[in-house]
Amino acid sequence: MRKQRLSPGIIIGFIVILVWCLLPVAWIISLSFKSVAETTTGSPQFLPKAWTLQNYRDILTNGDFLDALRNSFGIAIIATVLAVIFATFAAYAIARLEFRGKRMVLSLALAIAMFPVVALISPLFDLWRRLHLFNTWPGLIIPYMSFTLPLAIWTLSAFFREIPWEMEQAAQVDGATSWQAFRKVIVPLAAPGVFTAAILTFFFAWNEFALAISLTSTTAARTVPAQMAFFVGPDPFNPPYSQLATAAVIVTIPVIVIVLLFQRRIVAGLTSGAVKG
Amino acid sequence: MHVPRRSRGVTRFPGGRSVRRLSATFAALATAAALLSACSSSGKTTLVWYINPDTGGQAVIAKSCSTDQYTIKTQVLPTDAGQQRVQLARRLAAGDSGIDLMSIDPAYTAEFAAANFVVPVPQSVEAQLPHAFKGAVTASTWNNHLVVAPFWSNVQALWYRKSFAQKAGLDMSKPVTWDQIITAAADHGGTVGVQANKYEGYVVWINALVMGAGGNIVTNPGAGVNANIDINSQAGVTAANIINKLAHSKAAEPDLSVSNEGTVLAPFATSAGAFQVNWTFIYQNYSSDKTTLNDMGWAMYPESVAGKPSRPPYGGIGIGVSSTSNHIADDWKAVECITSPQNQGQYAVSSGNMPSSAAGYQFPALQKAYPASLLQLFQKSVNAAGPRPLSPYWSDISGAIQSTWHPADSVTSSTPASSQTFIQQVLEGKKLL
Amino acid sequence: MAENRLGQKLVAPAVILMLLVAGYPMFQAIYLSLYRYRLTTPGDRSFVGLSNYRVALTDSLFWRDTWNTVVIMVVTVAIELVIGFVFAMVMHRIMIARGLMRTAILIPYGIVTVVSAFAWQFAFSLNNGWVNSWFHWLPWIGPETNWFGDHWHAMFAIMASEIWKTTPFMSLLLLAGLSQVSEDMLEAAQVDGATWWQRLYKVILPNMRAAIMVAVLFRALDAFRIFDNIYIMTSGAQNTESSSFLTYRQTIQQMQLGMGSALSVLLFLAVLLIAFLIVRLFRVDLASARGEAR
């Protein structure tokens, strides 16, 4: 039974997977087109009774949400860039050099990857309020960087190990300077790995919630997940289901775009090194 | 994956330059981050007012109370009073000077005052404030000092469907008891809407039931951790029995264990709608639903014990001035403006949250927007209201009550005793909450 | 040795950052855990020795939340492993629309946990959800089923959102393991007359041990730290708190920095213990499984 073409079981499995993955997404999208009045009185059917764009108009003119969106993008991008730079150095060293303490670095990375983020809330809050980092961008960027470093280091060192480094020497033999050899030969080979690490790091920072609600208190630094948890609609005692769904859709758009563009890379990055034993 | 490593000379690594370049990039990004996160400031003073969420009424007042000297800017806090406390307290404990004014809920007024997070109201300012109802003054006082300026005073009333009360043969012109309305609703296919989710609103209900039966949850709340917890009393048992009766009756709404001020609104407007206890502002929620509005009656909060006047729950907002504010003199001027009778009245019209002073009720537009009998009921209720104990440890006490009294259908006559022990252990740090 | 020094220099920034954000605060937590320290009553701060640990370890709430966390971890990982394996088999065999499938499978993985929690909270909602109206024909679900009204229903809803979001990740890791199983071996087994189940048990699973181990370890540690879904969906109501949520609540909501720190230390130790047990159970060296050490 070598890779049978399309047995009914596989087709059913295929449909099940699609429904599994996409139904809840379809649900929040549908919910985002229901009016607030409709959800307040109760609207258990899947599709809106009357489609409306009002939620999108409200959310996209909601200053707090836009601030949170800006914070989310800013914090996630800065944390990603910095973490990937640091991780690139470390991964290069791990993949290519022999040095004392290599095992220690890997153990440390592993320990951080397993670290319960919530356990840091208490000491970090106390530390940040003394250092005036509470409710600031760096107050989130710094922990995000360190929590994404392990993943980035793993992904990158797995990629770096696959790079045929001898090509660099071959280029030098052909007369290229070491910088040229690095730029023309190694960078193109390493770039996909760096890019993958960046995507995974970005997902982490974009998703993070526990630190975001604990180390911020206003829209000066609050990110979208935290802002959604505090989201208040026109009626303080009824959660604005449809507006929350709209915010949820908006914050999911970047994720979907990245997935659409880079699905192959993400899968490679997620599984890199996971199965070699 | 085994890359041949013939030469491991470091000379090949184009290190120095790119490392420098990268660290320069890092520095630039860090600076950019610092700049982006820093607040911009202009010449004129900005007073930052942290407000509880509303329909925009406080933002309007902030604008109208801004002067040539200062601009008042609002920042919205989370819906839940517990969350508001957390947000504010963490910033105040961090010595943040970015908070000037705060809309403070009675649940944590004492805690903030005891921690010196707020400046007590100076005599000179107090003299300028409108004369507030007794319940409002009590809820705003710590250590014999007024610590927040009463802004609005909310109170709960009993709302009922006239047609239902008629069907059940209940005379709503006289005070009714919890027993009566629960029985009436259960017998005639109606429900009684209450707030029994695991949150402060549930403790508001419990406190009202205990006080209505002549008791107090805490007798000397000023003593902090050493306060006397008196929930284990005849009054506590009466309260537990009422909750038990409703929770096991057909009059309970299906989502009783997660019910709040919002969840009870919709059932009230259905054919099963009968009674709900809720705050003043819900009158506005039915303004577009004429069927319900025309059939809606209101009465004094139900009695825990027949013949003993009820103590309706008190809620509201007082305006506090942060002790870490850099503009305290301006803050007090702003407080005087915010709490003026005119603004109290206007705010009541826009939000449904009633004034904290009789003067506020004189606002013409308010008298036009609400039936006179309703405004009278509100004022009568505020004067009779039973505020929650003013303890700096109220959040712990309230939390301990929530965890021992929730869900409502687990409450029995032995709940007061077990919750009393638990509250004491929590205050002594011997139990987790 | 130059290479040694360069290597150390290159890893230094990452190491310093990781130590700074995790190492130092952990010591700070150990120190704070010896005090009774409440943020809004700083005057009452006092040294209490190991009392916070004693209170926590003898407290029924602590053990109830630990139990909840373990239940969530075991149930979700077990279900994810089964469903994830089925998904991986489908993805392994399917020849058409692989891009579509990959995209679909990555959406739950990439979606913000808070969004997933909201989506499921609304789906299970009494007045606004489709779960009751679609599944009311099942004997244990009715149109009035209040999913957040009691402990097991609420736990079910929380676990559903967790399983939905993380099964795809599990299936990707398993798919990678599956692709390492040699087709030749499978064919040989088939020629020898092995049934489908025998092939699964004798050939596929043993050859995927490392992949399963990594998937279980990572998912288990992740599930043990569950926080976001609980915060959004129940905020701990109906006794659905996890250990992380308890720690958060002590620290942030009750501002008990001393007790919160003690719980943080205990949480960290629990995670170490679980990692140790799983690695022991599967008898695979993690570093070699990740292909890092040589």
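**Close-ups of the predicted model**

**View 1. The two domains of chain B.** In this predicted model, the C-alpha centres of domain 1 and domain 2 of chain B sit 26 Å apart. Domain 1 of chain B is made of 45-153 + 314-384, and domain 2 of chain B of 155-313 + 390-427.

**View 2. Where the domains of chain B touch.** Domain 1 of chain B brings 25 residues to the contact, and domain 2 of chain B brings 22 residues. On the domain 1 side, helix H3 (81-93), helix H4 (106-114), strand E10 (314-321) and helix H18 (372-384) of chain B each put in at least two residues. That side of domain 1 of chain B is a mix of 14 nonpolar, eight polar and three charged residues.

**View 3. The largest nonpolar core.** There are 325 residues in this core, and the ones touching the most other members are Ala87(A), Ala90(A), Leu149(A), Ile153(A), Ala14(C) and Leu174(C). The top contributor is H4(A), which hands over 20 residues. Domain 1 (45-153 + 314-384) and domain 2 (155-313 + 390-427) of chain B both chip in too, so the core lies between them.

**View 4. Zooming in on Ala14(C).** Leaving aside residues up to four places away in sequence, Ala14(C) touches Phe86(A), Ala87(A), Phe89(A), Ala90(A), Leu149(A) and Ile153(A).

**View 5. Confidence along chain A.** Chain A has a mean pLDDT of 86, with 93% of its residues at 70 or more. Among the elements of chain A, helix H4 (residues 63-96) comes out highest, with a mean pLDDT of 93, while helix H8 (residues 166-173) comes out lowest, at 80.

Definitions and conventions
Residues numbered from 1 in each chain as written. Chains lettered and ligands numbered in written order. Predicted model: local features only at pLDDT ≥ 70, side-chain atom pairs only at ≥ 80, totals over all residues. pLDDT = per-residue confidence, 0-100. Helix = DSSP H or I, 4+ residues; strand = E, 2+ residues; numbered from the N terminus. Domains from an automatic or database assignment. Contact = placed C-beta atoms within 7 Å. Nonpolar A, V, L, I, M, F, W, Y, C, P; charged D, E, K, R; others polar. Core = buried A, V, L, I, M, F, W, Y, C linked by C-beta atoms within 7 Å. Buried ≥ 20, exposed ≤ 12 C-beta atoms within 10 Å, placed from the backbone.
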